[in-house]
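Trainee: Hi! I have a new structure open and could use some company while I look around. Can I throw a few questions at you?

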Amino acid sequence: MFGKKNQHIVVAGMGQGGMVAAIYLGKAGFDVDIYEKAKEGEVSHPWTDDTMTAVFKRCGIPMPPKEAYSQKNNWLWVSPGVDRRLMFPGTAPGVEISVDRHMLSDHFAKLATEAGCKVHYETPVKGLLTDGDKIIGIELQNGKKVKADLVIDALGIDSVLRPQAPKKWEIQAHEADDDLMLGYRQFYKRNPGYVPPEYPDYRACMYLKHLGGAGLSWCNLSPDNNMDMLIGRLYGMTKDEMEVMQKDLFKRHADQLTDEVVIPGRFVKIGTRYSLSKIVADGYALVGDSAFMSIPLTGCGIESSMDAGVYLSETIIANKGKEMTAKNLWPYQVKYFKKKAGLFAAIDVLKRWVLNLDGDLVDWVFYKVATPKIVESISGMMFRGMNPIVGVLNILSSLPFSLARLFSKPSILKEIGVTLKAAVHALLVAMKIPKKYDEDKIHQWVMDYETSFPHKK
Ligand SMILES: Cc1cc2nc3c(=O)[nH]c(=O)nc-3n(C[C@H](O)[C@H](O)[C@H](O)COP(=O)(O)OP(=O)(O)OC[C@H]3O[C@@H](n4cnc5c(N)ncnc54)[C@H](O)[C@@H]3O)c2cc1C
């Protein structure tokens, strides 16, 4: 009766990584409180996003209920010159789904509650409570102070807590302009006269460097048969710029769209950069978008956030009963960097190069180098169980033509070489994260890691 109290964990925000960690920690006997600003049933975005189903199995989390998801669309990639289109065949049925974000959040909340966690909806978090350099809890917007052995920051990209972490921990407070894509997403009623093609034909168009800008836009048929339009730009965009691109998509998809708005537009930030270099401190750990864990090019972060939630909970459970210091939490960061952040670092370097390429060049690569056979074979082997021997033979049969075309532009070959070298360098630096917690070595590694990325001046 008078035994030691369970360690108290606060999960700030219902981001997926925080929820996965909460579920495991609740089951392991920790006292877990989750604070979320949104209302029950309205957590996350009012639309569907895509994710691989394998992540649920890998994380030991049951799939959301069937009504929460549907088969992901196939995408047609459109190069900046627009007349050049490349079909990227999607995954086999069941491999990748479009999942309703509200329902996914409800699913996590149910599992967390069953694991003994307490979910506090409509309870915005305001700040960190600190004692010197140590984080000892949070302050809620209602003024209440909540003490905790560990605060898990799952507040997403605009985390109010991250900028408040004591300086000692070198947790980057604010991102650069080119770390984010600013998106504007709006849903329209589909033209009732438009008959959508059946799977496996494409139902979605992805415009790379739409109208020449650094970014991408899409217009696709959403699972509820509405038209989903997104305009995304690195370095941000004004409302006027967004409207020009919106008009252009309306013109191109005139047969599919009506101007009746089903889900009003909203500007959203999408993380498109390398993972944060420091994700732990004494009493504090970041997971998901608050630590920039999404894939740099696509901004997809559901999967990596869930995986990271598992790594975090494993580390916490291994330290059960001990103080949640940066040193004890360090294995979480090491595992995340070895499994995820290394690859993301390389993708980040490639992404910065691709999105800043001249539009004509991207057109040329689409048309002359990335033949449908190559694209189909790569995606077939990755996602649709294509026999690797068949896939490789397919690629080899097309490769000489693609390579010959590349060799006709030596300046590009040189650029590709330099960029690949920089990408491999970023990967190797990320993977060289010190295994043991040594503040001097970590500081040096953070400096090396941060300088691996060519930010736009
Ligand atoms: C337009 C768009 C499209 C995307 N498409 C995909 C996709 O197809 N596939 C994919 O994998 N990813 C996609 N992503 C990215 C994906 O949403 C995130 O990477 C993923 O959800 C991980 O984020 P998170 O869980 O850390 O944070 P979030 O999902 O942002 O969750 C943070 C939570 O914290 C809550 N919160 C925020 N501030 C406070 C506060 N002060 N107090 C209390 N609660 C607070 C929020 O309400 C929210 O519930 C997309 C993102 C956008 C914006």
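Trainee: Let me start with G215: which residues does it touch, not counting residues up to four places away in sequence?

Mentor: Happy to help, and keep in mind that this is a predicted model. G215 touches M181, H210, G232, R233, L234 and L355.

Trainee: How far apart are the C-alpha atoms of G215 and R233?

Mentor: They are separated by 4.3 Å, while along the chain the two residues are 18 places apart.

Trainee: And is G215 buried or exposed?

Mentor: Buried: 25 other C-beta atoms lie within 10 Å of G215, and the cut-off for buried is 20 or more. You will find G215 in strand β15.

Trainee: What comes just before that strand?

Mentor: There is a loop between β14 (204–208) and β15 (215–221), and L211 lies in it. L211 is worth a look, with a positive phi of about 55° although it is not a glycine.

Trainee: Why does a positive phi deserve a mention?

Mentor: Because most residues other than glycine have a negative phi. S44 is another case, with a positive phi of about 80° although it is not a glycine.

Trainee: Where does S44 lie?

Mentor: In the loop between β2 and β3.

Trainee: So are those two buried or partly exposed?

Mentor: One of each. S44 is buried, with 21 other C-beta atoms within 10 Å. L211 has 17 C-beta neighbours inside 10 Å, so L211 counts as partly exposed.

Trainee: Switching to sheets. What is the strand order in the six-strand one?

Mentor: The order is β8-β2-β1-β12-β19-β18; the sheet is open and its pairing is mixed.

Trainee: Which strands stand at its edges?

Mentor: β8 (118–120) and β18 (280–281). Each has a single partner strand, so one side of each is left without a neighbour in the sheet.

Trainee: How do β1 and β2 pair?

Mentor: In the parallel sense, over five bridges, with β1 covering residues 8–12. For a landmark, V10 stands opposite D33 in β2.

Trainee: Which residues is D31 in contact with, leaving aside those within four places in sequence?

Mentor: D31 is in contact with N6, Q7, H8 and I9. D31 itself is found in strand β2, residues 31–35. With 17 C-beta neighbours inside 10 Å, D31 counts as partly exposed. Its C-alpha atom is separated by 8.6 Å from that of K118, and those two residues are 87 apart along the chain.

Trainee: What about the sheet with three strands, what order do they take?

Mentor: β9-β10-β11, in an open sheet with antiparallel pairing. The edge strands are β9 (125–131) and β11 (145–147), and each pairs on one side only. Neighbouring strands here are turned by 30° against each other on average, direction ignored.

Trainee: How many bridges join β10 to β11?

Mentor: Three, with β10 spanning residues 134–140. In β11, V146 is the bridge partner of I138.

Trainee: Now the inside! How many residues are in the largest nonpolar core?

Mentor: It has 79, and those with the most contacts inside it are V11, A12, A22, V151, I152 and A285. Helix α6 (residues 326–355) gives the largest share of this core, twelve residues. Another core, of 27 residues, lies apart from it, and L230, I231, L257 and V362 are among its members.

Trainee: Can we zoom in on I152? What is it in contact with, beyond its neighbours within four places in sequence?

Mentor: I152 is in contact with I9, V10, V11, A12, G18, A21, A285, V287 and L312.

Trainee: Last topic, the ligand. How many residues surround it?

Mentor: There are 35, and the closest are G13, G15, G156, G288 and G301.

Trainee: Which helices and strands each supply at least two residues of that shell?

Mentor: α1 (16–27), β3 (48–52), β13 (180–190), β17 (257–271) and α5 (302–318).

Trainee: And how do the shell residues divide into nonpolar, polar and charged?

Mentor: The shell around the ligand has 14 nonpolar, 14 polar and seven charged residues.

Note on methods: Residues numbered from 1 in each chain as written. Predicted model: local features only at pLDDT ≥ 70, side-chain atom pairs only at ≥ 80, totals over all residues. Core = buried A, V, L, I, M, F, W, Y, C linked by C-beta atoms within 7 Å. Buried ≥ 20, exposed ≤ 12 C-beta atoms within 10 Å, placed from the backbone. Helix = DSSP H or I, 4+ residues; strand = E, 2+ residues; numbered from the N terminus. Contact = placed C-beta atoms within 7 Å. Pairing = 2+ DSSP bridges. Axes fitted to C-alpha atoms, helices over the stretch in contact; angles between N-to-C directions. Near = placed C-beta within 6 Å. Nonpolar A, V, L, I, M, F, W, Y, C, P; charged D, E, K, R; others polar.
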